[in-house]
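Student: I'd like a close look at a single part of this protein, please. Could you take me through its inside and then show me what lies around that part?

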Amino acid sequence: MIQASRQLLRQLAVRFGLIGESPAMVQAMSRLLQVAPTDLTVMITGETGTGKEVFAHAVHELSTRKKGPFVSVNCGAIPETLLESELFGAEKGAFTGSVEQRKGFFETANKGTIFLDEIGEMPIDAGQATEDS
């Protein structure tokens, strides 16, 4: 590994807590630096507890969206019946108990970053129309 790479790894470790010199970690950090300045949608994969949210924060802080909000959503913790209104918001009277307009996570993250954690825990038919709708 060249000296510049070691220095860059140390900077990422200090600023974001990204620590490691394994080939996989170096590749992940390199990709982070490639995608952060773009306006692309990024999918970060890995097992629970591997630091996906740390990487998402780093991408956000190194991006042009850093002045906007960073919104982290644990999709596995949202009940299926509330998923649509939590993610996309709801208008007053849209459903029983809806007494005021409420922004969803996507609108809250406007001009910033939304991190959808545990998205694999969402029900497979979440958000699909039923025959009654």
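Student: Which residues make up the largest nonpolar core?

Tutor: Keep in mind as we go that this is a predicted model. The largest nonpolar core is made up of eleven residues: L9, L12, F16, L18, M25, M29, L32, A36, F55, A58 and V59. Three helices each give two or more residues to this core, namely α1 (3-16), α2 (23-35) and α3 (52-61). A good residue to click on is L32, one of the core members. Leaving out anything up to four places away in sequence, L32 touches L18, F55, A58, V59 and L62. There is also a second, separate core, with seven residues, and among them are C75, I78, L83 and L87.

Now zoom out for a moment to see where the core sits in the fold. The protein has five helices and two strands, and along the sequence they come in the pattern α-α-α-β-α-α-β. The protein has 133 residues, and 25% of them count as buried. Why don't the others get that label? To count as buried, a residue must have under 20% relative accessible area, so anything at or above that cut-off is left out. As for the outside, the accessible surface comes to about 9,500 Å², and carbon and sulfur atoms account for 53% of it. If you look at contacts between residues at least 6 apart in sequence, 53% of them join residues at least 24 apart.

Next, let's follow two of the core helices, α2 and α3, out to the pockets. Rolling a probe the size of a water molecule over the atoms shows where empty space is left. The second largest pocket has a volume of about 390 Å³. Its lining has 16 residues, and A28, R31, I44, T45 and F55 are the closest to its centre. You've met F55 already, as a member of the largest core. Helix α2 provides the largest share of this lining, seven residues, and α3 supplies at least two. By type, the lining splits into ten nonpolar, four polar and two charged residues.

Helix α3 also supplies at least two residues to the lining of the largest pocket, and so does strand β2 (113-117). That pocket holds about 740 Å³ of space. Of its 28 lining residues, T41, V42, M43, I114 and F115 lie nearest the centre. Strand β2 gives the most to this lining, with five residues. Here the mix is 13 nonpolar, ten polar and five charged.

Stay with α3 a little longer and find H57, which sits in that helix. H57 counts as partly exposed because its relative accessibility is 34%. Measure across from H57 to T113 on your screen: the two are 56 residues apart in sequence, but their C-alpha atoms are 8.7 Å apart in space.

That brings us to the stretches on either side of β2. In the loop between α5 (105-108) and β2 you'll find K111. K111 isn't a glycine, yet its phi is positive, at about 70°. With 62% relative accessibility, K111 counts as exposed. In the segment after β2 comes E118, another residue other than glycine with a positive phi, near 55°. E118 has 22% relative accessibility, so it counts as partly exposed.

Technical notes:
Residues are numbered from 1 along each chain as its sequence is written. This is a predicted model: local features need pLDDT of at least 70, side-chain atom pairs count only at pLDDT 80 or more; totals for chains, interfaces and linings use all residues. Side-chain values use heavy atoms; hydrogens and water are left out. Helices (H or I, at least four residues) and strands (E, at least two) are DSSP runs, numbered from the N terminus. Buried means under 20% relative accessible area, exposed over 50%, partly exposed in between (1.4 Å probe, protein chains only). Contact means heavy atoms within 4.5 Å. Accessible areas come from the Shrake-Rupley method with a 1.4 Å probe; for residues, only the protein chains shown count as cover. A nonpolar core is a set of buried Ala, Val, Leu, Ile, Met, Phe, Trp, Tyr and Cys residues joined through side-chain atoms within 4.5 Å. On a 1 Å grid over the protein atoms alone, a cavity is a set of points where a 1.4 Å probe fits but cannot get out, and a pocket is an open set with protein on both sides within 12 Å along at least five of seven lines; lining residues have an atom within 4 Å of a point. Grid points are joined across faces, edges and corners, and a volume is the space filled by probe spheres set on the points. Ala, Val, Leu, Ile, Met, Phe, Trp, Tyr, Cys and Pro count as nonpolar, Asp, Glu, Lys and Arg as charged, and the others, Gly among them, as polar.
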